Amino acid sequence: QVRLVESGGGLVQPGGSLRLSCAASGSIFRPNIMGWYRQAPGKQRDLVAAQTSSGTTTYADSVKGRFTISRADAKNMVYLQMNSLGPEDTAVYYCNYKGQITGWGQGTQVTVSS
């Protein structure tokens, strides 16, 4: 079993920045993929960014150049630095772990509004 706990969400003005953190615990093994998904009201949950344990990263086209995913494997942490935020980024952001098993965090709300 994998436990994921997100933090760092909140309300931010358009053009602002936020940094999300995800702490993973439990059955964490390599190789794995850790990533961030988001779900806006009435929409499906979509991939935002992911990074493999070997360092390969993937970003949704809508966040390329604005968001950066990073990992601190010694601490079992994954981060999402979000810059130039816009109202379209408003969503619940979920941390995800994919290895021999899959885990999801409870989500953290990000609201971009003036």
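User: Which hand does the link of Cys22 and Cys95 have?
Analyst: Left-handed, with -85° about the S-S bond. Keep in mind that this is a predicted model. The sulfurs of Cys22 and Cys95 are 2.1 Å apart.

User: How many disulfides does a search of the whole structure find?
Analyst: Just 1.

User: And where do Cys22 and Cys95 sit in the chain?
Analyst: Cys22 is in strand S3 (residues 18-26) and Cys95 is in strand S9, so the pair links distant parts of the chain, 73 residues apart.

User: Buried or exposed, that Cys22?
Analyst: Cys22 is buried, with a relative accessible area of 0%. Cys95 also comes out at 0% relative accessibility and counts as buried.

User: OK, on to the sheet with S3 in it. What's the strand order?
Analyst: The order is S1-S3-S8-S7, an open sheet of 4 strands with antiparallel pairing. The twist averages 15° from one strand to the next.

User: Which strands stand at the edges?
Analyst: S1 (2-7) and S7. Each has a single partner strand, so one side of each is left without a neighbour in the sheet.

User: How many bridges join S3 to S8?
Analyst: 6, with the two strands running antiparallel. One of the pairings puts Leu18 with Met82 in S8. S7 (residues 67-72) and S8 (residues 77-82) are antiparallel too, joined by 6 bridges, and there Thr68 stands opposite Gln81.

User: What's on the covered face of S7?
Analyst: Phe67, Ile69 and Arg71. The uncovered face has Thr68, Ser70 and Ala72. That fits a general pattern: in a regular strand, side chains alternate between the two faces of the sheet.

User: How many residues are there between the strands in the hairpin of S7 and S8?
Analyst: There are 4. Asn76, in that loop, has a positive phi of about 55° although it is not a glycine. Asn76 is partly exposed, with a relative accessible area of 27%.

User: What about Ser84, what's its phi?
Analyst: Positive as well, about 50°, and Ser84 is not a glycine. Ser84 lies in the loop between S8 and S9 and counts as partly exposed at 44% relative accessibility.

User: Changing topic: how many salt bridges does the structure hold?
Analyst: It holds 5. Asp89 takes part in a salt bridge with Arg38, where the closest N and O atoms are 2.9 Å apart.

User: Why does the pair of Arg38 and Asp89 tie together parts that are far apart in sequence?
Analyst: Because Arg38 lies in strand S4 (residues 33-39) and Asp89 in the loop between S8 and strand S9 (91-98), so the parts they tie together are 51 residues apart in sequence. Asp89 is buried, with a relative accessible area of 0%, and Arg38 counts as buried at 14% relative accessibility.

User: And what about the side chains of Arg66 and Asp89, how do they meet?
Analyst: In a salt bridge, 2.8 Å from N to O. Arg66 is in the loop between strand S6 (57-59) and S7, while Asp89 is in the loop between S8 and S9, 23 residues apart. Both Arg66 and Asp89 are buried.

User: Which residue forms a salt bridge with Lys64?
Analyst: Asp61 does, with the closest N and O atoms 3.1 Å apart. Asp61 is exposed, with a relative accessible area of 64%.

User: Which residues are linked in a network of salt bridges?
Analyst: Arg30, Arg71 and Asp73. Ser53 touches those three, plus Pro31 and Asn32, leaving out residues up to four places away in sequence. Ser53 lies in the loop between strand S5 (46-52) and S6 and counts as buried at 16% relative accessibility.

User: What joins Arg30 and Pro31?
Analyst: A cis peptide bond, with omega about 0°. Pro31 lies in the loop between S3 and S4.

User: Last one: which residues touch the most other members of the largest nonpolar core?
Analyst: Leu4, Trp36, Val48, Phe67, Leu80, Met82 and Tyr93, out of 25 residues in that core. The elements giving two or more residues to this core are S1, S3, S4, S5, S7, S8, S9 and strand S11 (108-112).

Definitions and conventions
Residues are numbered from 1 along each chain as its sequence is written. This is a predicted model: local features need pLDDT of at least 70, side-chain atom pairs count only at pLDDT 80 or more; totals for chains, interfaces and linings use all residues. Side-chain values use heavy atoms; hydrogens and water are left out. Buried means under 20% relative accessible area, exposed over 50%, partly exposed in between (1.4 Å probe, protein chains only). Two strands pair if DSSP finds at least two bridges between them. A salt bridge is a side-chain nitrogen of Lys or Arg within 4 Å of a carboxyl oxygen of Asp or Glu. Contact means heavy atoms within 4.5 Å. A disulfide is a pair of cysteine sulfur atoms within 2.5 Å. Axes are lines fitted to C-alpha atoms, for helices over the stretch in contact, and angles run from 0 to 180 degrees between N-to-C directions. A nonpolar core is a set of buried Ala, Val, Leu, Ile, Met, Phe, Trp, Tyr and Cys residues joined through side-chain atoms within 4.5 Å.
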